[in-house]
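I opened my notebook today to look for empty spaces, packed helices and a few odd spots in a protein model. Here is what I looked up, entry by entry.

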Amino acid sequence: MASETISASEPRPQIPVASTTDKRLPNSPSRDIQIVVLRAICGFVLLGILVAGLWPFHAPKNQVRWLNGANGLLFKRHGSIVSAGAFTANPSQDNAGCSLEIWLEPNRLDSSGTILAFYRSESRSVPFALRQSLADLVILHTTQDSPHNLGKPKIYINDLFRHRQFVLVTIVSGDSGTSVYADGSLVRKSSNFRFSSGDLTGRLIAGNSPTTTDNWSGQLRRIAIYQRQLSAAEVSEHSVSLAKGVQPSLTESAGAVALYLFDEGSGSIVHNRVDSATDLLIPERFFILHPQFLENPRSEFRPDWNYWKNVGINIGGFIPLGFFFCAYVSTLRKMKQAVAITIILGFAVSLTIEVLQAFLPTRDSGMTDLVTNTFGTALGAMACVWIVKRPWLARTGIAIFAEPA
């Protein structure tokens with residue numbers, strides 16, 4: 001038989017050889033395991049974010065109870081009360097001077113929250129509110145001259161709660177401005193800040209904001225509202241009487257439209273000694289009177305530590321989602337596509353949470369969270385890209401994040 005020869009000019013056949021360094025072969029068992037692990041991590045991260053954003057998935061019990069051995073109510077983290085009806089003012093008294101007394105003690109000085117507020121359902125506005133901001137008292141007055149001119153002037157009474165004990169706060173406002181007294185002593189006077197009887201109208205909420213979760217923890221023993229200005233002598237007399245354990249009588253409280261003594265000791269009603277139509281109700285479940293849906297960032301902003309802490313939590317909480325989902329999607333798509341898809345996914349997850357939070361009284365539905373969550377997702381995706389571009393990290397076993405060929 002003649003032997004076959006291969007001409008030197010003919011190309012030699014090439015035998016396929018599997019690369020020992022290629023970690024992206026479709027049939028590589030290690031690659032399949034890496035993808036399964038990434039998929040599981042993404043699932044756990046997504047589940048954790050949903051639980052953190054929507055827990056406890058329902059309205060908890062209203063944490064308001066009567067004090068033992070004393071008149072008053074104790075408000076814990078999820079506690080609030082609301083008037084049965086709305087306060088109204090005669091048209092002739094809309095711009096008249098007024099006074100507000102509130103006898104209270106905060107539970108903590110490292111937190112903030114709405115102590116008391118009035119809410120008008122017809123205009124969906126909060127004309128007047130009192131807030132604790134750490135050791136300070138904040139008085140807010142919303143003015144609405146027209147639909148296009150909305151302002152929120154406020155004044156601070158610094159270190160009012162620094163001793164963390166019961167304090168009788170009396171706020172008197174009229175044409176000459178607003179005076180604030182603590183236990184009968186003048187602590188702040190502002191000629192540029194004033195409100196009137198017409199601003200202390202609407203439904204009264206204590207212990208929380210009427211539109212968002214802004215809990216206040218502490219004790220209340222007295223609330224009185226007057227459609228007139230109390231004199232400095234009257235303010236002092238009321239403070240002395242309360243210090244002796246004696247409540248000022250209705251005769252001494254002439255001009256009052258509300259007087260809550262918190263002396264019932266039990267039940268779900270705090271009686272208004274002037275008008276039963278505005279008795280305060282203690283609901284069984286914690287509530288938001290009129291929850292906001294995707295509240296705008298300007299309304300959500302508060303210059304305190306809790307606000308910035310929440311911003312940091314919202315950004316940091318979505319960084320893992322951006323990091324691991326980008327890593328997983330990059331096993332299926334080019335890296336640029338993976339980044340874009342991951343950011344869109346982070347936005348969609350955040351939007352879903354914010355929509356559902358509108359139905360949960362312990363949560364706030366706001367655009368600030370939507371922005372910060374999406375930003376956190378983008379940071380996580382960028383961190384994934386940064387790792388991919390570091391070959392020395394790939395050599396340490398993080399090659400799973402490399403961009404597919």
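Before anything else, I wrote down what my labels mean: helices (H or I, at least four residues) and strands (E, at least two) are DSSP runs, and they are numbered from the N terminus. I also noted that this is a predicted model.

**Entry: the largest pocket**

I started with the largest pocket, whose volume is about 1,400 Å³. I found 41 residues in its lining, and T213, N306, N310, R363 and D364 are the ones nearest its centre. Which elements supply at least two residues each to this lining? My list reads α1 (29-54), β5 (112-120), α4, α5 (335-357) and α6. The largest share comes from α4, with nine residues. I sorted the lining by class and got 10 nonpolar, 17 polar and 14 charged residues.

**Entry: closed cavities**

I reminded myself of the idea behind the search: rolling a probe the size of a water molecule over the atoms shows where empty space is left. How many cavities of 30 Å³ or more does the whole structure hold? I found two.

The largest cavity has about 70 Å³ of space. It is lined by 13 residues, and those closest to its centre are T211, Q292, R363, D364 and S365. I was pleased to recognise R363 and D364, since both are also among the residues nearest the centre of the largest pocket. By class, this cavity lining splits into five nonpolar, five polar and three charged residues.

The second largest cavity comes to about 40 Å³. Among the residues lining it I noted T88, S197, Y226 and V257. Here I counted five nonpolar and four polar residues, and no charged ones.

**Entry: two helix pairs**

Two packed helices are described by the angle between their axes and the distance between the axes. I looked up both values for two pairs.

For α4 (residues 305-329) and α6 (residues 367-388), the axes come within 6 Å and cross at roughly 40 degrees. These two helices are therefore oblique to each other. Their crossing is right-handed. In the contact of α4 with α6 I found 15 nonpolar residues, eight polar ones and one charged.

For α1 and α4, the angle is about 155 degrees and the axes are 9 Å apart. Is this pair roughly parallel or roughly antiparallel? Angles over 145 degrees count as roughly antiparallel, so α1 and α4 are roughly antiparallel to each other. The crossing of α1 past α4 is left-handed.

**Entry: a salt bridge**

I counted seven salt bridges. One that I followed up joins the side chains of R222 and E101, at 3.0 Å from N to O. Where do the two partners sit? R222 is in strand β15 (residues 218-226) and E101 is in strand β4 (residues 98-106). The two residues are 121 apart, so I wrote down that this pair links distant parts of the chain.**Entry: backbone oddities**

I ended with the backbone. The peptide bond from W55 to P56 is cis, and its omega is near 10 degrees. I located P56 in the loop between α1 and β1 (64-66).

My last stop was D159, which has a positive phi of about 55 degrees although it is not a glycine. D159 sits in the loop between β10 (154-157) and β11 (167-174).

Note on methods
Residues are numbered from 1 along each chain as its sequence is written. This is a predicted model: local features need pLDDT of at least 70, side-chain atom pairs count only at pLDDT 80 or more; totals for chains, interfaces and linings use all residues. Side-chain values use heavy atoms; hydrogens and water are left out. On a 1 Å grid over the protein atoms alone, a cavity is a set of points where a 1.4 Å probe fits but cannot get out, and a pocket is an open set with protein on both sides within 12 Å along at least five of seven lines; lining residues have an atom within 4 Å of a point. Grid points are joined across faces, edges and corners, and a volume is the space filled by probe spheres set on the points. Ala, Val, Leu, Ile, Met, Phe, Trp, Tyr, Cys and Pro count as nonpolar, Asp, Glu, Lys and Arg as charged, and the others, Gly among them, as polar. Axes are lines fitted to C-alpha atoms, for helices over the stretch in contact, and angles run from 0 to 180 degrees between N-to-C directions. Angles under 35 degrees count as roughly parallel, over 145 as roughly antiparallel, 65 to 115 as roughly perpendicular and the rest as oblique. A crossing is left-handed if the near helix is turned anticlockwise from the far one by less than a right angle, and right-handed if clockwise. A salt bridge is a side-chain nitrogen of Lys or Arg within 4 Å of a carboxyl oxygen of Asp or Glu.
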